[in-house]
Every structure is written in C-alpha cells, then in structure tokens.
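Student: I've never looked at this one before. Could you walk me through it?

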Amino acid sequence: MENINFGIDLGTTNSGIGKFYQGKVNIFKNPVGFRDTLPSVVAYRNSRILVGDKARELISVQPENVFSSFKRKMGSEHIYAVPAINENKTAINFSELVLRELINFVGDDKPTAAVITIPASFDTIQSNATKTAGYNAGLQEIVLLQEPIAACLAYANLQNIPINEDKTWLVYDFGGGTFDVALVNINNRELKVMDHEGNNFLGGLDIDNLMVEHILCPVLERELGIGDLWKQIVGTADSPYKKLFFELLYRAEEAKKELSIKENAFVELDIDSKFIELEITRQRFNELIHSKVIETITLTNRLLEKNSVTNNQIERIILVGGTTYIPYVKTTLQKEFDTIVDSSIDPTTAIIMGASYYAGTKTRQTNTAIAEEKEAQTMLSDVKLAYEVNSQDDEELLVGLVPNEFSGYYRITRSDGGFDTGLITFHSRFTEFLKLIPKNSNFFSVKIFDKYQNLVFEKENLVINHGIYNITGQPLPNDICLEIDDSLGTTYLEKIFRKNDILPLSKKLYKTISKPILKDSGEKLIINIVEGRAETSPASNLCIGYLEIKSEMLSANLLKGTDIEIDFEISESRDLTINVFIGAIDLEITEIFNASAKQVSPSKIQLELEKSLINVDDELLSYHPEECSPAVDKLNGVRLEIIDLLRELIEIDGDLVTDRIYNIDERKRKVFQIYDDLVRRKHLLAEIDNYQTAKMEVKESLLLKPNPRIEGLFNKVIKNEAQFLNSNQLSLIKSKTKELDKISNEIYYQEDESYINLFYFYAYRELSEYVDEKLARNFINGGEKAITEANYKELRGVINGLYSLLKEKPKNYFDDKDGTLGLK
Amino acid sequence: MKDIITQIFEIENKIKPEDIAQFKRNFQRIYHELEQEGYTIINPLGQIYDERDVSIEANIADNGVKITKVLKPAVYKMESDGSNTLIQKAVVIVG
C-alpha cells in the first residue's frame with residue numbers, strides 16, 4: 001500500500017504544502033511568485049476569485065470582498081456575505097479554495113490524500129469542518145494532525161533526536177498575525193499536546209506597526225514639521241497619509257529583517273523631495289518590542305502554571321513562525337526558561353515539514369487507481385484556443401471556446417510566476433488579455449475547471465513571443481554584421497541583426513578599443529558594417545556603413561581597452577543610423593547611411609586586398625609546387641584578380657567622378673567569396689582539429705595531475721563547445737584553441753623542472769642583449785648553481801632578474817594582439 | 001544578485017530628475033550587462049494596477065488605480081533551459 005506522503009499546513013495567516021519522498025521532505029513553491037507559503041486570504045473581484053498575495057492586496061480597496069483569518073470561524077455557523085457575487089460563503093468554502101490553490105503547487109502528481117494540520121485548540125466540530133474543506137477540494141482521504149505535534153516531528157526528524165524517554169517540549173509559535181504556545185509530552189515515540197495558550201491578534205505585524213509609530217513617525221514629525229502623524233495615519237479611514245503609511249510599513253519590515261542579522265539598520269525615506277535617513281540600532285528595536293515579547297512570555301508562564309510544569313521540566317523550546325527569526329525573542333526565551341531554545345529549522349515551514357514527515361508514515365486506505373480513471377473520463381477534448389504567436393504589444397488576446405454550453409472556470413498563469421488571472425467564471429467562451437514580459441518568450445498555462453472546480457482541460461507551454469518578430473514589417477534578406485578585431489590580429493564579423501529579423505530594428509552594442517589611438521598620430525578607428533553572411537570573411541560582404549574616427553578628431557589619446565557604445569538603427573526603408581559614443585573622451589558621432597548609396601573606402605579595400613594576397617600566397621605554399629589541381633588553378637586565378645584589383649586601385653587614385661571604385665569593390669567581394677568557398681571549410685576543419693588536440697592535451701594532463709582550479713578554467717573554455725564549433729567562425733575557434741594552449745602552458749609551468757628550460761632560454765642569449773652584462777653573467781652563474789642544488793625558488797628569482805635586464809623583452813604569444821580596426 | 005539590482009534601482013531613484021541625464025548611459029550600461037547575465041528588470045511605475053499581475057506586491061491607497069511609487073522592481077532570471085523565473089516581486093504603492 002502507498003503512503004499518504006503529502007502534508008498541508010492550513011494556517012490562519014499562511015498555508016503551505018510539502019511531500020515526503022525517499023526520507024526527505026520537499027516543500028512545493030507557489031508557482032506564482034515562487035514562495036514557500038501562500039497567504040490564507042480569498043478575494044472576489046469582478047468575476048475573478050483570487051487566492052493568496054493578490055487577494056491580500058485588495059483588503060484596503062474592497063474589504064467587503066476579501067476574507068482572511070477565516071480559520072478562526074471553522075466549524076461555526078458564521079456566514080460571510082460576498083457582495084461581488086451576491087452569495088453567502090462559509091469558512092469551509094474559503095478553506096477549500098486555499099487547499100485547491102495549494103494542490104495546484106504540486107506538478108503532475110497531484111495529491112488525492114493528505115495530512116492537514118489543525119490548531120491544538122480545534123474541537124471535533126472544527127476538525128470535521130477542516131476535513132470537509134479537504135474533501136470539497138478534491139482530496140479523498142484526510143488525516144488531521146495538531147500543529148504543535150507537526151512542529152515537534154519536524155525538529156525530531158530533522159535532527160534525529162531520540163524520543164525514548166518521557167520529555168516535555170514547549171512549542172512557541174509566533175507568526176505574522178497570531179501567537180500560540182503548546183506543551184507537548186513525548187514518550188516512547190508518542191507525542192501528545194498537554195495544553196495550549198494563545199492570542200489570535202499578536203504577531204509580526206504588530207511589531208511593524210510599533211516601529212512605524214515609535215521610531216519612524218517621531219522622526220518624520222520633526223523633519224517635516226507635522227504634529228501627531230501616527231494619529232493622523234490611523235485616526236481616519238481616508239487619511240491623507242495612507243500611501244505614506246504603506247511605505248513606512250514596508251521600510252519598517254525591511255529594517256526588522258535586517259536587524260535579525262545586523263546590529264543596526266538604516267531607513268531611507270524620500271518624502272516630497274526631502275531625503276531623510278535614520279539609524280535603528282538593535283538595542284532600540286529590542287526595547288521597543290520588549291512589551292510584545294513579554295506578552296508571549298506571560299501567556300507561556302500561564303500555560304506552565306496551569307499544568308504545574310516548572311521551567312526545568314521543559315527539555316527544549318522549539319520555535320515556529322516568522323517572528324521567531326528576531327534574535328531578541330530567542331535570547332529572552334533562553335533567559336526566562338533556561339533551557340535549549342531550538343531554532344535549527346526554518347520556522348516558517350516547520351509545520352509543513354512535520355505534516356509531511358507524518359504523511360510519509362501513514363498508509364493510504366483508499367484505492368488511487370479508481371479515482372484517476374474517473375478523473376480521466378471527464379477531461380474535455382475539443383477546446384479551441386486562438387492567439388497570436390508573435391506580438392509587439394504589452395498584452396496579447398487569447399480566446400477560448402468550449403462547445404456544448406459548457407459552464408465553469410478558467411485560469412491562466414505565466415510559467416515565470418509573474419501572471420495569474422485567478423479563477424474566472426465563464427460560459428462556453430472566454431477572452432483574456434495576457435500580459436507579456438518584453439523581449440522574451442512568454443509561456444502560459446491554460447486550465448479549465450468544471451463548476452465543481454475539477455480540472456477538465458489543461459494546455460501547458462502556450463508560447464507568445466514578445467518583440468522577437470513584428471508581424472507587419474519586411475524581413476532582412478541577409479545578416480547585418482559589425483567587423484571587429486579578434487585577439488589574433490585578424491578580424492571577423494559579429495551579427496548585429498539576423499537574416500529574417502523584421503524591420504525596423506535597433507540595437508546597442510558595447511565594445512572596447514583594441515589598439516591605442518594617440519591624438520594626431522594618423523591612426524584611426526574603423527567602424528565597418530556589412531550585409532551578408534556572418535560566418536564568411538568580412539571583405540567578401542557588402543559594406544553598408546563605414547565610419548572612420550581619425551586621430552585628428554580626438555580631444556585626447558584613446559587608450560586600448562576604453563569602452564565604446566555603438567547604437568545601430570535600421571529603418572523600414574533600410575537606412576542605417578550609427579551613433580558612436582566614447583565616454584572617456586566625451587566624443588559622440590552620429591551618421592546616417594542611405595541604403596541606395598554603397599559605402600566604399602579605397603584605403604580599406606587596398607588593405608583587404610594586400611592582406612588577402614599574403615593569405616593566398618601562403619595557401620599556395622601548402623600545395624606541392626608541381627601540383628596541378630582545380631583548387632590550385634582557382635587559387636592562382638584569385639591571386640591574379642587581386643593583383644589586378646590592386647593595380648586598378650592605384651590607377652583610380654584621386655578619381656572622385658567615375659564609378660570605378662564601386663566596380664572594384666564589387667569585383668573584390670566576388671573574388672573574396674571564391675577564395676572563401678575554396679579555403680574556409682578546409683581552414684575550419686583544420687582549426688577544429690587543432691582545438692581537439694589542444695583539448696585532449698589539457699584533459700590528459702589533468703587526468704595525470706588533477707587541479708581543481710585549472711579544471712575550472714578548462715571547463716569555462718569548453719563550455720558551449722557545440723555552439724562555437726558549429727559557429728563557422730574561424731576566429732572564435734582559434735581564440736578558444738589559444739585559451740587551451742594558455743592552460744597547457746600554465747600546467748607545464750607547474751612543474752619546477754620546466755623552469756630549467758626557461759632558464760636556458762635566457763642563459764643562451766648573447767650577453768649584449770642585456771642592459772648590464774656583468775649582472776646578467778652573475779645571474780646565469782647563480783642559476784646554474786640553483787639547478788645543481790635543485791633550488792627552484794632561487795631559479796625562478798634568477799629568471800625574473802634576467803628578464804628584467806633584457807633590453808628588448810620577448811613577446812608573449814598569449815598576449816592579445818593589437819587590432820587593425822581598433823574595435824573589439 | 002536581486003539585492004544588488006534593488007540597490008542600483010534605489011541609487012537611480014535617489015538621483016534628482018535634473019541630474020539624471022548625466023548618469024543615463026551608466027544606468028543603461030548596467031541594465032544591459034544585467035540583461036546579458038539573464039536578468040530582466042521591470043519598473044512598473046505608471047502602470048495601471050492589474051490584479052492579474054502577480055509579479056507585483058501592491059499596497060493600494062485611496063482606491064487608486066495607478067502605480068505611483070515603486071520601492072523594488074520586479075526581477076526575472078533566465079534559467080539555463082531558456083525559461084524565465086520571477087526571483088523578486090516588485091513592491092509598489094498604488095494611489
């Protein structure tokens with residue numbers, strides 16, 4: 001037989017649900033807002049039923065339609081009139097809604113049986129009322145458990161406390177709105193509530209109010225020159241300070257939390273443009289709450305006296321409820337009762353934990369299979385949902401249609417936890433505007449319930465993309481890319497906008513300067529925007545925007561590493577606007593490039609052609625000189641065309657009238673495309689090979705000599721490997737290989753012996769290469785001695801000395817190379 | 001991270017309206033970097049109160065309908081599987 005496993009804390013102020021599984025308890029988070037608990041509040045607003053945080057919010061607006069603390073009326077004949085729906089409800093009805101909401105926290109494996117906790121004070125009628133609420137919520141089997149017992153179980157189980165002798169525990173439950181204290185007798189693994197005491201109107205909220213009244217209001221009165229502020233706040237229902245009161249309550253609660261971990265907290269207020277800051281010390285806070293804590297101590301003492309229990313008979317006090325986070329509560333209890341005050345588990349979820357532990361030991365009596373079959377038969381199959389998949393609006397309309405005169409409820413939630421319609425009644429058809437998070441894929445879940453609130457339809461992962469596509473504009477025919485420097489001295493294309501993105505488009509990129517550009521040095525920063533394919537070489541694409549920032553335009557030197565902001569905008573008519581901002585030198589340039597005018601720079605074309613010629617020559621060298629193959633023929637053809645283009649470029653120097661430069665640019669792109677097609681794939685495969693070899697080398701070294709730090713670096717480099725290896729971006733793969741080589745180098749220098757080779761690298765140089773030959777000679781002698789004595793610490797010092805003496809320092813292969821464009 | 005985001009938000013709000021222009025780019029950059037790290041930050045100031053928007057913890061005064069003050073922004077975090085999770089509710093005053 002299966003165990004019940006699910007435990008529910010149906011609290012006066014907050015509720016929660018957990019499950020016992022494989023010896024542990026998992027507390028289910030509220031899918032709306034992802035909190036462990038749900039405020040036990042129900043609200044009716046228009047046609048909606050709201051449960052939890054949103055219901056609580058409406059207390060001040062429509063108090064007549066918001067219901068909280070109804071647990072106190074469980075089992076009574078109290079009738080609640082709900083004006084919004086013109087119906088009467090009972091505490092059982094509201095508890096049922098809270099329980100249904102809690103059951104919703106659980107994913108697919110919904111509970112059909114549960115342990116529900118009740119206060120120690122509940123009589124048989126109140127207990128039965130709780131059971132009725134559970135059955136109404138769809139549970140078929142319910143076991144009740146007293147809250148203090150649940151708390152004791154949570155502590156005993158989590159700490160594995162042996163309960164084999166007679167003990168008395170005190171459960172001190174100081175929550176958000178209520179205080180309860182119970183004496184529990186423990187004997188031979190049996191737990192029994194001996195007696196209890198409490199105050200239904202004493203909790204954390206009273207402490208927040210005290211802080212506002214006695215700490216915040218006096219300061220505000222002084223600073224703002226208002227008299228009797230607290231009285232004005234609470235004195236009338238339509239107080240002009242109502243908004244201020246909410247802010248003060250929020251600040252007080254934040255400060256209260258901070259004072260639980262720190263000795264002082266600062267409260268900052270900005271009221272009518274007046275900035276007020278005040279410090280609250282823990283000492284002052286403790287003095288303030290003293291009377292409230294004493295009130296709980298008095299109730300506790302009364303309970304002990306009633307039951308003739310002395311302080312030293314209490315083996316431990318266990319803490320439950322959020323207010324027990326306050327250190328003063330714990331220390332006062334310790335001082336007063338001189339016993340163990342146990343706060344080892346989260347006091348806000350202790351009851352749920354205990355209920356779930358208990359549920360994990362209780363065997364189910366009913367058959368689950370029959371229930372599931374019955375449920376499966378009633379599911380709706382022909383529900384139609386209509387909506388736009390892509391949207392640029394803040395909200396998108398969803399229409400739902402259910403045939404056959406269906407009446408019931410629907411509820412739509414967003415899976416990120418930020419949107420929830422609550423339960424809404426409908427007949428056959430419903431419409432809802434769904435709120436979207438900008439620039440994101442929004443996943444929704446649509447649920448339909450029959451009039452008894454049984455789930456009859458569920459559609460998960462209904463997706464609406466915001467801002468990703470516009471349904472009216474025209475798509476981009478090619479990628480739009482920015483040419484940037486890599487760390488290897490070459491350039492590559494970074495996508496700004498993707499092919500098929502819909503116009504108009506805008507994007508901001510943050511880059512850095514990749515080479516020093518000194519004022520009036522003749523250097524320049526090049527911003528080149530091309531249209532084409534991001535994975536190809538920059539020069540084979542069509543230039544649509546070209547901007548040079550010359551050194552003469554600079555007000556100061558532009559240093560390598562300086563930040564640069566570039567805004568790109570493409571209008572529906574494909575005009576490109578570039579705005580460049582360099583904060584360090586306060587330079588801002590805006591340029592508009594018209595789609596009909598091609599952007600060409602003879603100097604850049606020349607540079608590209610010259611670089612390519614070297615590459616083609618290098619490529620030809622990789623073939624045998626006598627080899628005749630179509631590839632070699634094509635490469636020779638490319639070579640000749642590049643030379644011809646370079647010649648033509650010289651010829652047109654100074655020609656500002658004819659279109660020849662455009663012709664050259666067109667031919668250049670064609671010839672580069674041919675070259676790209678010829679070699680790119682081959683180079684890519686070769687680079688992937690290099691990468692894999694470098695990766696294996698590091699892996700093997702780490703296997704032989706594990707090092708967590710280097711392993712961390714290694715994993716960082718190979719993260720998203722599939723993505724960059726399939727990117728077709730040669731530069732990207734090359735830079736990854738370089739990073740792996742750098743790691744290999746670091747592994748190599750972990751061995752002391754590696755420094756011997758490095759030493760001889762310096763020792764075998766000409767002495768004339770050193771600034772001070774005599775000192776260098778001394779270093780070399782010292783190094784040789786250190787090697788014979790295996791004194792590697794000394795050897796490292798010698799190497800540092802020799803390096804600093806070198807007139808020209810050797811270049812570090814792993815250092816990033818300066819860029820050619822100046823943009824990285 | 002959500003506490004750092006709230007602090008940045010508070011600093012931004014402490015700056016007087018006449019001085020904000022000079023910090024605009026800095027805040028844009030900070031929010032851009034946070035976005036790159038998977039955080040979406042939403043300041044609901046000026047929005048109409050919507051009881052379905054559970055990313056907001058509202059204190060409603062004077063039967064108000066508009067969000068007039070934001071004490072904390074809403075923060076979503078993009079998980080590695082591409083799904084979003086609300087990690088901080090906005091705390092607002094409606095009035």
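Student: Which residues in α17(A) meet those in α14(A)?
Tutor: Bear in mind that this is a predicted model: local features need pLDDT of at least 70, side-chain atom pairs count only at pLDDT 80 or more, and totals for chains, interfaces and linings use all residues. Residues are numbered from 1 along each chain as its sequence is written, while chains are lettered from A and ligands numbered from 1 in the order in which they are written. Being in contact takes C-beta atoms, placed from the backbone, that lie within 7 Å. From α14(A) come A:His683, A:Leu684, A:Glu687, A:Ile688, A:Asn690, A:Tyr691, A:Ala694, A:Lys695, A:Glu697, A:Val698 and A:Ser701, and they meet A:Leu730, A:Ile733, A:Lys734, A:Lys736, A:Thr737, A:Leu740, A:Asp741, A:Ile743, A:Ser744 and A:Ile747.

Student: How do the residues of that contact of α14(A) with α17(A) divide by class?
Tutor: Ala, Val, Leu, Ile, Met, Phe, Trp, Tyr, Cys and Pro count as nonpolar, Asp, Glu, Lys and Arg as charged, and the others, Gly among them, as polar. Sorted like that, the contact of α14(A) with α17(A) comes to 10 nonpolar, 5 polar and 6 charged.

Student: Are α14(A) and α17(A) roughly parallel or oblique?
Tutor: Axes here are lines fitted to C-alpha atoms, for helices over the stretch in contact, and angles run from 0 to 180 degrees between N-to-C directions. The axes of α14 (660-704) and α17 (730-748) of chain A come within 9 Å and cross at roughly 25°. Angles under 35 degrees count as roughly parallel, over 145 as roughly antiparallel, 65 to 115 as roughly perpendicular and the rest as oblique. α14(A) and α17(A) are therefore roughly parallel.

Student: And is the crossing of those two, α14(A) and α17(A), left-handed or right-handed?
Tutor: A crossing is left-handed if the near helix is turned anticlockwise from the far one by less than a right angle, and right-handed if clockwise. For α14(A) and α17(A), the crossing is left-handed.

Student: Let's zoom out. How many helices and strands does chain A have?
Tutor: Both are DSSP runs numbered from the N terminus: helices are H or I of at least four residues, strands E of at least two. Counted that way, chain A has 20 helices and 34 strands.

Student: In the open sheet of 5 strands, which strands of chain A stand at the edges?
Tutor: Strands pair if DSSP finds at least two bridges between them. The order is β14-β13-β12-β17-β18 in chain A, with mixed pairing. Each edge strand has a single partner, so one side of it has no neighbour in the sheet, and these strands are β14 (190-199) and β18 (340-342).

Student: How far are neighbouring strands of this sheet turned against each other?
Tutor: This is an average over neighbours, and direction is ignored. The value is 20°.

Student: Which residue stands opposite A:Val171?
Tutor: Strand β12 (167-174) runs parallel to β17 (314-320) in chain A, joined by 6 bridges. Opposite A:Val171, in β17(A), stands A:Ile318.

Student: Which helix of chain A packs on the sheet?
Tutor: Its partners are β12, β13 (179-187) and β14 of chain A, and its direction makes about 130° with that of β14(A). It spans residues 282-306 and is called α8.

Student: Is α5(A) oblique or roughly parallel to α8(A)?
Tutor: α5 (204-224) of chain A packs against α8(A) at an angle of about 140°, with the axes 10 Å apart. That angle makes α5(A), relative to α8(A), oblique.

Student: On to chain B. How many residues does each chain give to the contact, and which element of chain B gives the most?
Tutor: Chain B puts in 30 residues and chain A 33. At least two residues each come from α2 (24-36), β2 (56-60), β3 (67-72), β4 (74-78), β5 (84-88) and β6 (90-94) of chain B. The element that gives the most, with 4 residues, is β2(B).

Student: Which residue in the turn of the β4(B) and β5(B) hairpin has a positive phi?
Tutor: β4(B) and β5(B) run antiparallel, joined by 4 bridges. B:Lys77 stands opposite B:Thr85 in β5(B). The hairpin has 5 residues between its strands, and the one with a positive phi of about 90° is B:Gly82.

Note on methods:
Contact = placed C-beta atoms within 7 Å.
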